[in-house]
Amino acid sequence: MSQSDIDIAIVGCGIVGAILALGLLKSNQAQPRTKLTIRVYEQTAVPREYGAGIGFTTATRKCMALMDERIADCVGVVATLNGEPENPDYSMRFVDGFRTFPVPQDEGYEDVSIHGKVYKLYVGPRGFEGCHRAQFLEKIMKLMPEGIVQFKKRVEGFEYLDSGRVRLDFADGEQTECDLVIACDGIRSRMRELLFTSAYNAQYTHQLAFRGLVPMDAAIQKLSRYRALRQHMQCGPNAHIMHFPVAKQQLMNVVAFVQDPNEWSSTSMTAPAQKSEVVGAFREWGPFVRALIDLLPENLDKWAVFDTYECPIPRYAERRVALAGDAAHAASPHHGAGAGMGVEDALALVVALTRARADVDRGVAVGKTLEAALKAYSKVRYERSQWVVRSSRQLGWTFEWMNPDVGAEMDRAFADIRDRSHQVWHFKVEGMVAEVEREYHRVL
Ligand SMILES: Cc1cc2nc3c(=O)[nH]c(=O)nc-3n(C[C@H](O)[C@H](O)[C@H](O)COP(=O)(O)OP(=O)(O)OC[C@H]3O[C@@H](n4cnc5c(N)ncnc54)[C@H](O)[C@@H]3O)c2cc1C
């Protein structure tokens, strides 16, 4: 490390921390005089992601590509197309999964067709690509140079030093110093708690997500090829259930959301679950939904859905410490956009810190440029990402006919889904980049 290097610590090596590190490292390739030295501190022993699906929008992939083309390529490699592999289907489908059918007295229902209107939402070519999470993180980590990530390093505390630098304290008793900290430590962020107190911890939304994988052959046999290979969201009272193909169409991922009046007391956000819990929750739904649930394995996982809807932090940065990804704005998963927001954050940080570094090259004080970069980042990213936190909750209510403005009217529900989704998808990435640069120069 030379005297003029800027020493950046990233806390957490989830999707956002890893992508941010790669974006910052790539910016060094332009051979600036001042280099960014990157260290990522991860509490686990190895990179870890759950084996579930995650979708990325075109805007998210564009942000990835602007940081490093290879990151966006990783999505393409592991993504599973919706529909037939040789004839992809670029629409999401929303249906009323509840009405139309009385519960059959005997459970020997045969008719599993979808009756009523199918609402199609066009996402555009490769507009929302679904990947296996663990596979995506594994690909990304292959791009990470040796020695950047230090595992088994849980950050417990930090302190500003008189020099302006920041000291990080690890759970193992070790310490390190750096010029800047970016905390990407997820929904249960320790750094958020240290900066803003535990009053801002993410809260349980009283919703459970049951998740299971079904062999595609079995799904096709029971639900028909056309429906099994295409994403569908089944809406209804106080619950909703979606399915989409994963693992290159070999498996169907099923996620069933149900309201839960109880508190979530476990320290883990997941717990083992039984199929019977899902069967019970959807007992009175239409035959397609019950046939879908019938396909699930006996042993499932359930995830407690948490978010920061009720306790938004007031800003994303203080002096030389910033929060990004779920640490800054944890959303419920109904927009499928939480990681996407984190990727947008990462690009905004790369742009702001590239400007800061250029000014350090011109002789401006490091502290001044870094604080200006974080202020610009926080200002530009706050409104949109907080809107996504709120809208994700509201979209969940729409799916579950709990939105008082929409009720159980599927035409109105679909209009709400379409408008909210477009606001997430049709994002002007270049506009954000320009805004970060403007804001940086304004506050410097
Ligand atoms: C059911 C569900 C479906 C979803 N679907 C989508 C989707 O389709 N599209 C989408 O964009 N988003 C989706 N999301 C949201 C997305 O999963 C999250 O927004 C994203 O994973 C957050 O990434 P992150 O890197 O900020 O946090 P995390 O992935 O939680 O990573 C945080 C990392 O920090 C580490 N860490 C934590 N504390 C410390 C510490 N003190 N010291 C060191 N390391 C620490 C952790 O071990 C972890 O590796 C979904 C979420 C759920 C629950």
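**Group meeting: a loop aspartate, a ligand shell and a helix**

Hi everyone, let's start with one residue: Asp172 is partly exposed, with a relative accessible area of 45%. That counts as partly exposed because the value falls between the cut-offs of under 20% for buried and over 50% for exposed. Before I go on, please keep in mind that this is a predicted model.

So where does Asp172 sit? You'll find Asp172 in the loop that runs between strand E11 (166–170) and strand E12 (175–178). Leaving aside residues up to four places away in sequence, Asp172 touches Lys152 and Lys153. With Lys153 there is a side-chain to side-chain polar contact, at 2.5 Å. A polar atom of the Asp172 side chain also lies 3.0 Å from the backbone nitrogen of Glu174.

Now let me use Asp172 to walk over to the ligand. Val155 is 17 residues from Asp172 along the chain, and their C-alpha atoms are separated by 9.0 Å. Val155 matters for this talk as a ligand neighbor: one of its polar backbone atoms is 3.0 Å from a nitrogen atom of the ligand. On the oxygen side, a ligand oxygen lies 2.7 Å from a polar side-chain atom of Asp326, and a polar backbone atom of Ala339 is 3.0 Å from an oxygen atom of the ligand. How much of the ligand does the protein bury? Taken alone, the ligand exposes 1,000 Å², and the protein buries 86% of that.

Which elements give two or more residues to the shell around it? They are helix H1 (15–27), strand E3 (53–57) and helix H11 (338–361). H11 gives the most, with three residues. In total, 31 residues surround the ligand, and the closest are Glu42, Gly55, Arg133, Asp326 and Gly336. Sorted by class, that shell has twelve nonpolar, ten polar and nine charged residues.

Arg133, one of those closest residues, takes us to my last stop, helix H4. In H4, residues 133–142, the buried residues are Arg133, Phe136, Leu137, Ile140 and Met141. Looking down the axis of H4, these buried residues fall within an arc of 130°, so they line one face of the helix. As a reminder, an α-helix has 3.6 residues a turn, so residues three or four places apart point the same way.

And what covers the buried residues of H4? The cover includes H1 and E3, along with helix H2 (58–67), helix H3 (69–78), strand E8 (128–132) and strand E9 (149–150). H1 and E3 are also among the elements giving two or more residues to the ligand shell. Thanks, and I'm happy to chat!

Key: Residues are numbered from 1 along each chain as its sequence is written. This is a predicted model: local features need pLDDT of at least 70, side-chain atom pairs count only at pLDDT 80 or more; totals for chains, interfaces and linings use all residues. Side-chain values use heavy atoms; hydrogens and water are left out. A residue is near a molecule or strand if one of its heavy atoms lies within 4 Å of it. A polar contact is a pair of N or O atoms within 3.5 Å; within protein, one must be able to donate a hydrogen and the other to accept it, and residues adjacent in sequence count only if both atoms are side-chain atoms. Accessible areas come from the Shrake-Rupley method with a 1.4 Å probe; for residues, only the protein chains shown count as cover. Helices (H or I, at least four residues) and strands (E, at least two) are DSSP runs, numbered from the N terminus. Ala, Val, Leu, Ile, Met, Phe, Trp, Tyr, Cys and Pro count as nonpolar, Asp, Glu, Lys and Arg as charged, and the others, Gly among them, as polar. Buried means under 20% relative accessible area, exposed over 50%, partly exposed in between (1.4 Å probe, protein chains only). The arc is that of the directions from the helix axis to the C-beta atoms. Contact means heavy atoms within 4.5 Å.
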